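Ready for some practice with side chains? Open the structure, keep the sequence beside it, and work through the exercises below at your own pace.

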Amino acid sequence: MARWVATVQTLFLLLLVQQSWHGSIAFAPPQPSSASTTATKNRFSKDLATNPLHRLMSNDETNAASLSLSSSTTTALSMQMDGNLIAETLGYAVGAASLFLYTPIALRVVRQQSADGLSLSTWWFKLSAFTCSDLYATSQGYPLSQYIDWIAITAEVIVNLCVVSYFQNKMDKQFFINASVFAMTALALSQYAPPEVLALGQLGSTALNAGALLPQFMLNAKLRTAGDYSPVTAFIGAAGCAARLYTTMQLADGDMLLLASFGFTFCLNTAMLLQILWYGVMVEEREIMCVLTADLAGPRRATTTTTKEAI
C-alpha cells in the first residue's frame, strides 16, 4: 500500500511540474458552470427590469445623459457657428478696408506728379505675390470672405503699377510686353496648373512679398527719408494680416501656408511702418502726426538725391 501511495504522489508531483512548466496551472477557487452563471444573470436582470424604482432611475439616468450630450453638442455647434460668423464678418470688413490699402499711394503720386520716391519693382513683385495667392485660394475652394481682400488688393496693385510707371516715364513698349506675358501666364496657371504647383506658388508669394518691400526699404535707406510709401498702407496691411490669422483658423482650417504668409507679411508691414516713422521723425525731424498724415499733405521739398531705378 505504501508503495502505491508513493507511486501516486510521484506521478502527481510530475504532473504539477509539467503543468507549471507550461504555465497552465492556476490555483483558483472553483467557478460555477456557465449555464448556472447565465441563469443567475438572467434572473437578476429580470428582477431589476420588474422593479419600478429601478426603471424610474434608469429612465432618469438615460434622459439626463441624453440631455447632457445634446446640450454639449448644441453648445459646440453654436460656438463653431458663432466663430465662423465672426470670421466671415471680419473677412468682409478686411476686404472693405483693403480698398484703402494702396489708394493713398496712388493719390499722393497723382497729387505730387512724381513717383521718384517709389520703387517700380515693388509693384511687379506685389502683383506676382497677390496673383499667386488669388490662384491658390480659388483652387482650394475657400469661401469668398477668406480672400476677398486679395482680389481687391490685386486690382489696386495694378492701378499703382500703372500710375508709378506713367510718372516714372516707364510705360513704354517693354511695359506692355511684360504685362501681356504676365497675364497669359496667370491665365494658364488658373486653367492647367495642378494643386501642388499652386500651393508652391502660395509659398513663393511669401518670398515675393518680402522681395516687394525690400527695394522700398533700400530706397528709403539710400535717400534717408520716409519716402513716398504710405504709412496708412503699412498700418492697414499689418492690421489686415493680424485679422487674417484669425479668419484662416476659422474659415480655412488653419491652413499652414496661409498662416505663414500672413504672419510674415504682418512682420514686413510693421517693419515698413517703423522705418517710415524713424526717418520721418528722427532724421527729417518732422512731427509724428505729419509723418502719419503725409498722404493728405502737399508735396514735400524735393530731396537732393533721386532714384531712376528701372528694375
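## Exercise 1: Charged partners

Arg286 and Glu284 pair through their side chains in a salt bridge, at 2.8 Å from N to O. Please keep in mind that this is a predicted model.

**Task.** Decide whether Arg286 and Glu284 are buried, partly exposed or exposed.

**Solution.**
- Step 1. Recall the cut-offs: buried is under 20% relative accessible area, exposed is over 50%, and partly exposed is in between.
- Step 2. Arg286 has a relative accessible area of 22%, so Arg286 is partly exposed.
- Step 3. Glu284 comes out at 23% relative accessibility, so Glu284 is partly exposed as well.

**Task.** How many salt bridges does a search of the whole structure find? Work out which parts of the chain the Arg108 and Asp228 pair ties together.

**Solution.**
- Step 1. The search of the whole structure gives three salt bridges.
- Step 2. One of them joins the side chains of Arg108 and Asp228, at 3.5 Å from N to O.
- Step 3. Arg108 sits in helix α4, while Asp228 sits in the loop between α8 (195-223) and α9, so this salt bridge ties together parts 120 residues apart in sequence.
- Step 4. Now check the burial. Arg108 has a relative accessible area of 2% and is therefore buried; Asp228, at 8%, is buried too.

**Task.** Do the same for Arg244: what is its salt-bridge partner, and where do the two residues lie?

**Solution.**
- Step 1. The partner is Asp149, and the closest N and O atoms of the pair are 2.7 Å apart.
- Step 2. Arg244 belongs to helix α9 and Asp149 to helix α6 (residues 144-167), so the pair ties together parts that are 95 residues apart in sequence.
- Step 3. Arg244 is buried, with a relative accessible area of 0%. Asp149 has 5% relative accessibility, so Asp149 also counts as buried.

## Exercise 2: Aromatic rings

**Task.** Name the geometry of the Tyr102 and Trp123 pair, and say which parts of the chain the pair links.

**Solution.**
- Step 1. A search of the whole structure finds five aromatic pairs, and Tyr102 and Trp123 form one of them.
- Step 2. The ring centres of Tyr102 and Trp123 are 5.2 Å apart and the planes stand at 85 degrees, so the pair is edge-to-face. The cut-off for that class is over 60 degrees.
- Step 3. The pair links distant parts of the chain, 21 residues apart: Tyr102 is in the loop between α3 (52-98) and α4 (103-112), and Trp123 is in helix α5 (residues 120-140).
- Step 4. Both Tyr102 and Trp123 are buried.

**Task.** Describe the Phe175 and Phe176 pair, then find which residues make up its aromatic cluster.

**Solution.**
- Step 1. With 5.4 Å from centre to centre and 85 degrees between the planes, Phe175 and Phe176 are edge-to-face.
- Step 2. Phe175 is buried at a relative accessible area of 7%, whereas Phe176 is partly exposed at 48%.
- Step 3. Trp124 joins Phe175 and Phe176 in one aromatic cluster.

## Exercise 3: Backbone and surroundings

**Task.** Asn169 and Glu285 deserve a look at their phi angles. Where do they lie, and are they buried or exposed?

**Solution.**
- Step 1. Most residues other than glycine have a negative phi.
- Step 2. Asn169, although not a glycine, has a positive phi of about 55 degrees. Asn169 lies in the loop between α6 and α7 (173-192) and is exposed, at 70% relative accessibility.
- Step 3. Glu285 is not a glycine either, and has a positive phi of about 60 degrees. Its place is the loop between α10 (256-283) and α11 (288-292), and Glu285 is exposed with a relative accessible area of 68%.

**Task.** Which residues does Ser230 contact, leaving aside neighbours within four places in sequence?

**Solution.**
- Step 1. Locate Ser230 in the loop between α8 and α9.
- Step 2. Its relative accessible area is 0%, so Ser230 is buried.
- Step 3. The contacts, sequence neighbours within four places aside, are Pro104, Ile105, Arg108, Ile276 and Asp295.
- Step 4. Link this to Exercise 1: Arg108 is the residue that forms a salt bridge with Asp228.

Definitions and conventions
Residues are numbered from 1 along each chain as its sequence is written. This is a predicted model: local features need pLDDT of at least 70, side-chain atom pairs count only at pLDDT 80 or more; totals for chains, interfaces and linings use all residues. Side-chain values use heavy atoms; hydrogens and water are left out. Rings of Phe, Tyr and Trp (its six-membered ring) pair if their centres lie within 6.5 Å; planes under 30 degrees apart count as stacked, over 60 as edge-to-face and the rest as tilted. Helices (H or I, at least four residues) and strands (E, at least two) are DSSP runs, numbered from the N terminus. Buried means under 20% relative accessible area, exposed over 50%, partly exposed in between (1.4 Å probe, protein chains only). A salt bridge is a side-chain nitrogen of Lys or Arg within 4 Å of a carboxyl oxygen of Asp or Glu. Contact means heavy atoms within 4.5 Å.
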